[in-house]
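Biologist: I am new to this structure and would like a close look at a single part of it. Please set the whole chain out beforehand, then stay with that part and the loops around it.

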Amino acid sequence: MITMHQKPDADAMGSALGLACYLRQLGHSVTVVSPTNWAPWLNWMPGADAVLNYDKEREKARAALSEAALLFCLDFNIFHRTKNFEQDLYQAQCIKVLIDHHREPDLPSFNFGISDTRKSSTCEMVYDFILAAGDASMLNREISACLYAGLIADTGSFRFDATTPAVHRMAAHLMEQGIRHTEIHSLLFDNFLENRLRFMGHVFLHRLEFFYEYNTALIAIPKYDILKYEIKTGDTEGLVNFPLSVQGIKLAALVIDREEERKWSFRSKDHFDCNTFARTYFNGGGHFNASGGGSKDSLQDTVDKFKAALKENEHLLQ
């Protein structure tokens with residue numbers, strides 16, 4: 001079995017489906033399970049139509065997990081990031097293998113594997129895994145398309161610091177397998193409905209607040225906006241990055257009032273540690289310049305907590 005974090009993004013889904021395709025070529029029976037639903041703009045990926053949604057297909061997922069000899073855990077390094085799937089994964093008796101690139105992994109929960117923060121993406125790590133096994137010849141067009149999708153998504157189309165020379169060599173190698181790279185980029189970033197664009201305009205006009213004394217921007221989205229604009233999973237992807245385009249802004253934060261909790265996303269420039277910030281105040285974590293978290297408080301209360309946290313970190317945001 002291969003699984004990933006809840007609400008999987010292009011790196012989580014791409015690494016899972018790329019690895020699944022590779023393992024099937026080796027003769028293994030593979031089941032891919034997402035803890036939750038995923039954005040419809042990921043459905044083009046080869047194998048996405050066979051992925052189980054744990055929230056909707058719980059018994060099938062549990063049956064597959066009970067028969068699994070190996071469990072690959074991709075793009076997360078602590079089980080609570082799999083939401084309702086968490087306890088089933090903890091209790092599973094199979095060998096658990098971690099392939100991830102986030103900070104502070106829960107290593108005792110896994111038998112093998114690594115969480116390598118030097119890597120741009122989990123897709124890059126799956127690519128390294130295949131090459132290290134001596135199976136570069138198995139990198140067909142389907143695997144390459146999945147891995148390329150996660151690579152460009154997690155490197156911000158090659159603009160983030162994690163874009164190393166090895167990343168460009170990997171991209172070139174995948175392109176040599178015949179992928180249509182412009183089409184993949186379009187499927188990921190030009191594949192939304194009109195309501196999302198109107199929602200974004202509303203958000204930037206009415207929900208975006210700047211705190212220039214802290215070089216910070218905040219977007220706080222109430223549940224009303226989500227319902228009014230019929231926002232679905234994946235429609236808010238990348239929204240938190242936009243305020244960083246404003247001169248002087250070092251930290252951008254996005255909080256969305258979801259059904260069960262308030263979900264936070266943080267992005268930073270330069271030397272502000274989003275991972276520590278998210279872990280300290282919002283039960284989260286991730287990367288140095290990109291992380292997430294959550295809160296059971298009301299939207300107003302969690303925003304007030306964020307503002308108080310800015311005061312405590314003022315010296316780090318100058």
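**The open sheet and its surroundings**

Modeller: Among contacts in the protein chain between residues at least 6 apart in sequence, 62% join residues at least 24 apart, where contact means heavy atoms within 4.5 Å. This is a predicted model, in which local features need pLDDT of at least 70 and side-chain atom pairs count only at pLDDT 80 or more, whereas totals for chains, interfaces and linings use all residues. Residues are numbered from 1 along each chain as its sequence is written, and side-chain values use heavy atoms, with hydrogens and water left out.

The protein chain holds 11 helices and 12 strands, which are DSSP runs numbered from the N terminus (H or I of at least four residues for helices, E of at least two for strands). With a radius of gyration of 19 Å, close to the 20 Å that the globule rule gives for 318 residues, the protein chain is as compact as a globular protein of that length; the radius is taken over C-alpha atoms, and the rule is 2.2 Å times the number of residues to the power 0.38. The C-alpha trace spans about 55 × 40 × 40 Å along its principal axes. Of the 318 residues, 51% count as buried, a class that means under 20% relative accessible area, with exposed over 50% and partly exposed in between (1.4 Å probe, protein chains only).

The part to look at is an open sheet of 6 strands, ordered E7-E8-E9-E10-E12-E11 with mixed pairing. Its edge strands are E7 (208-211) and E11, each of which pairs on one side only, and two strands are said to pair if DSSP finds at least two bridges between them. At one edge, E7 and E8 (residues 216-221) run antiparallel over 4 bridges, with Phe 210 opposite Ala 217 in E8.

Further along the sheet, the loop between strand E9 (251-257) and strand E10 (262-268) contains Glu 261, which counts as buried because its relative accessibility is 16%. Apart from its neighbours within four places in sequence, Glu 261 is in contact with Ile 256, Gly 294, Ser 295 and Lys 296. Gly 294 and Ser 295 fall in E12 (residues 290-295), which is joined to E10 by 6 bridges and runs antiparallel to it; there, Ala 290 is the bridge partner of Arg 267.

At the other edge, 2 bridges join E11 to E12, again in the antiparallel sense, and a hairpin of 3 residues connects E11 to E12. Gly 286 stands opposite Ser 291 in E12.

Just before E11 comes a loop from helix H10 (274-282) to strand E11 (285-286), and Asn 283 is found there. Most residues other than glycine have a negative phi. Asn 283 has a positive phi, near 50°, and it counts as exposed because its relative accessibility is 65%. Within helix H10 itself lies Thr 276, which is partly exposed with a relative accessible area of 39%.

For a view beyond the sheet, the C-alpha atoms of Thr 276 and Leu 147 are separated by 29 Å, although the two residues are 129 apart along the chain. Another positive phi, near 55°, belongs to Ser 157, which sits in the loop between helix H5 (141-154) and helix H6 (165-175) and counts as partly exposed at 30% relative accessibility.
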